[in-house]
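Q: I am new to this protein and would like to learn how to read its sheet and its cores. Could you walk me through them?

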Amino acid sequence: MVMKYLQRMGRSLMLPVAVLPVAAILMGIGYYIDPNGWGAGNPAAAFLIKAGGSILDHIPVLFAVGIALGMAKEKDGSSAISGLVAYLVVTTLLSTDTVAMLQGVDAADVNPAFGKIENAFVGILSGIVASIMYNRFAKVKLPDALAFFSGKRLVPIMSAVTMLAVAAILFFVWPLIFSGLVSFGTAISKMGFVGAGLYGFFNRLLIPTGLHHALNSVFWFDTVGINDIGKFWASEGTKGVTGMYQAGFFPVMMFGLPAAALAMYHTAKSKQKKMAASLLLAAGFASFFTGVTEPLEFSFMFIAPALYVVHAALTGISLAVAAFFHWTAGFGFSAGLVDFVLSLKIPIANQPWMLLVQGLVFAVLYYVLFRFLITKFNLSTPGRVEMTEGAEGAEGGEVSAPAAGSEKFAIMAAKIYDGLGGDANVTSVDNCVTRLRIEVKDMEQVDQKKIKDTGVPGINIVGPTSIQVIVGTSVQFVADEIEKIRK
C-alpha cells in the first residue's frame, strides 16, 4: 500500500518535473556566460539566469500544485489552487519574520531552520494535504446559509485550516530536526574521508525533505569553520583537503546520473521509449552540464525508492573515494561541467582531472547497477511505471475506432464508461501514461467484452474494486472525455 502510494506520488510529480531540465539548462548557460557576476556583468546571462531561476527557485510551489492535482480523485483546478493555498499558509506562518513576531524576538535571533522552510518536503506535504481535502470535501454540501462555500469551494478553505495545525506542529518539530542534522554533520566532519562519504550519502538521501540544507551548511559554509566552498574559491586551506566535500559530486552529476538515465531509457518499454527519452535526455544533460539533478532524481525517487537509496550510497562512495585520494575541485553553482571547467583555474584544486577518470568508472557502475536492478526487480522507472502492477499482454498499444479526431475518443470513452457500469458503478477515474485506472463499486457489473470491443489492447483486474483499461499513449484524451461524461 505504501509503495503504491509513493508510485502515485511519483506519477503526480511528472508534470512539474518535466519543466525543470529546461530551467536548469537556461541557468547553466547563463552562469557559463558570466560565472563570476551571475548576470551582474552581462545582460544576456542575467536574462537566462533569472529565467531558469524563476522555475528552479520555486520547485516547492510546483510540487505543491502538481501533487495536489495529480493525487486528487478528479483532475480539477480547485485541487491545484488548494495545494498552493496550503503551501502559502505554512510557509508564511513559519517564515523567519513571522516566527520572530510570534516569539517576540529580532529576526536575527530566530532559529535558522525557519529560513529553510520553503523546501521540497513542505511542498510535497502541502500537495498531499490538499489532495486529501479535495477527496474528502469536494462533494460536501453545507447548509443553505453557507451554500456558497460548498463543494469545491470548500476544499481550499479546509486545506488552509488543516495547514494551520501542520504549521503548529512544524513550529516545534522542524527546528529540532534541523538542529539535530547540523550536530550530526559536525560529528561526521571529524571522520576524514569516511565522514565525506557519510555526508554524500545523507546529502542525497535528504533531498526529498529539503533537510540536506542543514548538512550543507555544516560542510559548505562557515557554520562550524569548514566553509569548503568559500575556502576553495579563495584558494585557502590545505591542498587536497579543501574541496573534499564538493569533489565527489562531479563524478556522480557529470557521469553517474546521466548513465543512470541511459539505463532507464534502455529498460523502458518499447512503446514508451519516446516519452522516456524526452524526459531522461533533457534531465541527463542538465545534470551533466549544470549539475542540477532534481529533474532526474525526482523522476524515480518515489516510484522506485530502493533505486534512489542505491544512488545515495553511490554518491557517498564517490565522495569518500575522491577524499581518500585527495582529488579536489569545487563549485559555485553545482557539480556540473560549467563549474568543473571554472574550478580548474583555482590553484588549490588538486588533480581535478582524476575526477573525470573516477567519473567514467562511476558511469559504468551506475549503468550496470541501475539496469540490473530495474530488470531484476521489475522496478518502476520512467517508461516502466505500470510494470510493477502485473499487467500482461499488449501494453501501450494504440486504440482504434471508426471515427476520427476528438470524436473518436468521445465515442470510445462513452463505450468504455458504459462497460464499466456508468455512474451507478464507477467511483473514481484516473490515468497514467497508458492506462485508465478505475475504482468501481461492484466488479460483477463490469462488462469486459463491451470494453474490449472498443479496440483497447487489454484489461487488468488489480483488486476487488480496481480495474485498469490499457488504452495506449492516447489515454489522456480518453480520460478527459470520461470526465466530461461524469460531470
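Q: How many bridges join β1 to strand β2, and which way do the two run?
A: Bridges are what tie neighbouring strands together. In this predicted model, β1 and β2 (residues 435–440) run antiparallel and are joined by five bridges. To see one of the pairs, find Asn431: its bridge partner in β2 is Leu436.

Q: In what order do the four strands form the sheet?
A: Follow the pairing from one strand to the next. Here the order is β1-β2-β4-β3, in an open sheet with antiparallel pairing. The edges are β1 (426–431) and β3 (458–461), each of which pairs on one side only. From one strand to the next, the twist averages 20 degrees.

Q: Which helix packs on the sheet, and which strands does this helix touch?
A: That is helix α20 (residues 475–486), which touches β1 and β2. The helix direction makes about 150 degrees with that of β1.

Q: Why is β1 largely enclosed?
A: Look at burial, where the cut-off is under 20% relative accessible area. Five of the six residues of β1 are buried, so the rest of the structure largely encloses this strand.

Q: Which residues touch the most other members of the largest nonpolar core?
A: They are Tyr199, Phe219, Phe298, Tyr366 and Phe370, in a core of 107 residues. Domain 1 (1–189) and domain 2 (190–385) both contribute residues, so this core lies between them. Try Phe219: among the residues Phe219 touches are Ile188, Tyr199 and Tyr245. There is also a second, separate core of 23 residues, including Val446, Ile459 and Val478.

Note on methods: Residues numbered from 1 in each chain as written. Predicted model: local features only at pLDDT ≥ 70, side-chain atom pairs only at ≥ 80, totals over all residues. Heavy atoms only, no water. Pairing = 2+ DSSP bridges. Axes fitted to C-alpha atoms, helices over the stretch in contact; angles between N-to-C directions. Contact = heavy atoms within 4.5 Å. Buried < 20%, exposed > 50% of the residue type's maximum accessible area, 1.4 Å probe, protein only. Core = buried A, V, L, I, M, F, W, Y, C linked by side-chain atoms within 4.5 Å. Domains from an automatic or database assignment. Lists of a residue's contacts leave out its neighbours within four places in sequence.
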